[in-house]
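Thank you all for coming; please have the sequence and the model open while I talk, and stop me if a term is unfamiliar.

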Amino acid sequence: MSLWIAQIFSQFSDRAVFVLFVAVLTGHEVTTVAGRNFGAAQMTSLLYVAFTIPAVVLSPLAGVYVDRWSHRAVLICSNIMRAGFVCLVALPTLKNHPIAAFFLAFLISIGSQFFGPAETASIPRIVKHGDLYSANSLFFTTMMIALGFGFAIGEPIISRTGIGGAPYAVASGFFIAALLLLGIKDNKRRETRPEPWWEELRFGIAYIVDNPYVFRAILKITLLFSTIITLNIIAVGLAEQVMNLKPFQFGYIVAAAGLGMGVGNFWVGHHGKSIDSGKLVYGGFAGLGLFMTLLGTLGYIQDYIFPLAGLPDVYFNGALMLIPLFFALCIGISCAFVAVPTQAQLQAAVPEELRGKVFGAQNTAMSAASTIPVLLTGISADNLPGGVSTTLLIIGVPTFIIGLFHLLRKSFK
């Protein structure tokens with residue numbers, strides 16, 4: 001219970017930090033970095049890269065060294081470290097120096113890379129073997145909900161406390177998580193001399209490459225993760241261009257998607273076992289593409305259909321906000337249809353002694369693979385005709401066609 005509640009405070013704060021940085025960096029309509037002008041979506045993309053670089057570079061190292069250190073100490077120190085750095089966001093100089101803000105985001109992300117593997121490794125030590133499936137389902141569902149609602153709570157925190165007070169409010173979440181972790185059961189460190197970290201990482205990667213089933217499962221999870229993160233970037237432009245909201249209010253869209261993931265996780269956990277996993281996964285990809293496409297059409301409806309109907313100044317806010325939020329909810333449900341069965345298949349297929357290495361390599365692949373799409377998404381959302389709507393169609397239509405093709409092929413086998 002202590003570990004789970006600490007996860008809630010830590011992950012919600014981690015998501016709120018991103019919103020906090022978005023609010024700081026998008027305070028001006030156009031921000032100048034190194035002599036170049038950047039829009040809100042591009043600034044958000046660069047911010048995501050600053051948070052992602054440690055995930056790409058340090059995830060393999062973190063996964064290896066966490067096993068050699070005290071898990072409890074790693075969990076507590078990573079939370080205290082992030083809390084201290086988040087407090088620095090209150091410095092007024094960050095608003096006028098985006099590069100300093102990106103560097104601070106980089107430092108905060110370093111703490112997150114050690115928290116994740118230490119938390120995952122702690123679950124089987126604390127939970128009875130027969131309860132592992134339920135415990136992992138709970139932690140995965142919490143992670144998905146935090147992905148959405150963690151962004152959503154950022155805006156109310158900023159509105160109530162202001163940019164100056166919000167960093168301290170968010171940092172308090174990390175401090176509470178650190179306190180909750182003081183009493184958890186710690187691990188026993190290995191007494192034998194470990195192999196060099198690069199040998200352990202190389203062995204995990206070789207296992208993935210030589211096992212086509214595991215490779216395809218990781219590929220699906222990586223593509224899904226890239227799409228989810230890309231949606232977070234798109235949500236900034238969607239809030240600004242389609243819903244006529246401020247960029248940092250994008251959390252409402254991501255919250256709806258996070259709620260959908262929670263609903264989807266619950267349904268798949270209770271009813272998904274009776275459905276062929278392949279059909280469930282490809283149906284999820286088809287649904288993901290379909291609802292991203294529908295979400296993309298809203299901008300064109302606003303720009304062309306509403307004016308023809310004599311409603312030139314109508315946006316998808318107020319009561320009409322329910323339409324994009326419903327599509328985002330369905331996107332989240334579709335993501336769960338892909339994530340839950342694929343991750344379950346991976347856990348069952350990979351031998352226990354290889355899971356740390358394999359999933360460490362998987363985390364690195366997910367972070368690395370999402371970086372380029374995120375950068376391209378920010379550029380296209382700010383510069384292409386149709387902006388964020390065109391970007392959604394570029395991603396959604398191929399995803400729908402490919403998912404539907406494989407679903408039909410699976411159904412008629």
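Let us begin with Ser-13, which touches Val-170, Gly-173 and Phe-174 when residues up to four places away in sequence are not counted, and where touching, or contact, means heavy atoms within 4.5 Å. I should say early that this is a predicted model, in which local features need pLDDT of at least 70 and side-chain atom pairs count only at pLDDT 80 or more, while totals for chains, interfaces and linings use all residues. Residues are numbered from 1 along each chain as its sequence is written, and side-chain values use heavy atoms, with hydrogens and water left out.

Ser-13 has its place in helix H1, residues 2-25, where helices (H or I, at least four residues) and strands (E, at least two) are DSSP runs numbered from the N terminus. Is Ser-13 buried or exposed? Ser-13 is buried, because its relative accessible area is 7% and buried means under 20%, exposed over 50% and partly exposed in between, with a 1.4 Å probe and protein chains only. The side chain of Ser-13 also reaches the backbone oxygen of Phe-9 at 2.7 Å, and the backbone oxygen of Val-170 lies 3.5 Å from a polar atom of the side chain of Ser-13.

Staying in helix H1, we come to Val-17, which is buried with a relative accessible area of 0%. Val-17 touches Phe-51, Val-86, Ile-108, Val-170 and Phe-174, again not counting residues up to four places away in sequence. Of these partners, take Ile-108, which is 91 residues from Val-17 along the chain, although the two C-alpha atoms are separated by 9.0 Å.

Turning to the protein chain as a whole, there are 13 helices and 2 strands, and 52% of the 413 residues count as buried. Among the contacts with a separation of 6 or more, 83% are between residues 24 or more positions apart.

Now for helix H8, residues 212-241: how far apart are its end C-alpha atoms? They are 42 Å apart, which agrees with the 44 Å that its 30 residues should span at 1.5 Å a residue, since the expected span is 1.5 Å times one less than the number of residues. H8 nevertheless bends by about 30° at Ile-234, the bend being the angle between axes fitted to the seven residues ending there and the seven starting there.

Last, two cysteines: Cys-77 is partly exposed, with a relative accessible area of 48%, whereas Cys-330 is buried at 10%.

Notes:
A polar contact is a pair of N or O atoms within 3.5 Å; within protein, one must be able to donate a hydrogen and the other to accept it, and residues adjacent in sequence count only if both atoms are side-chain atoms.
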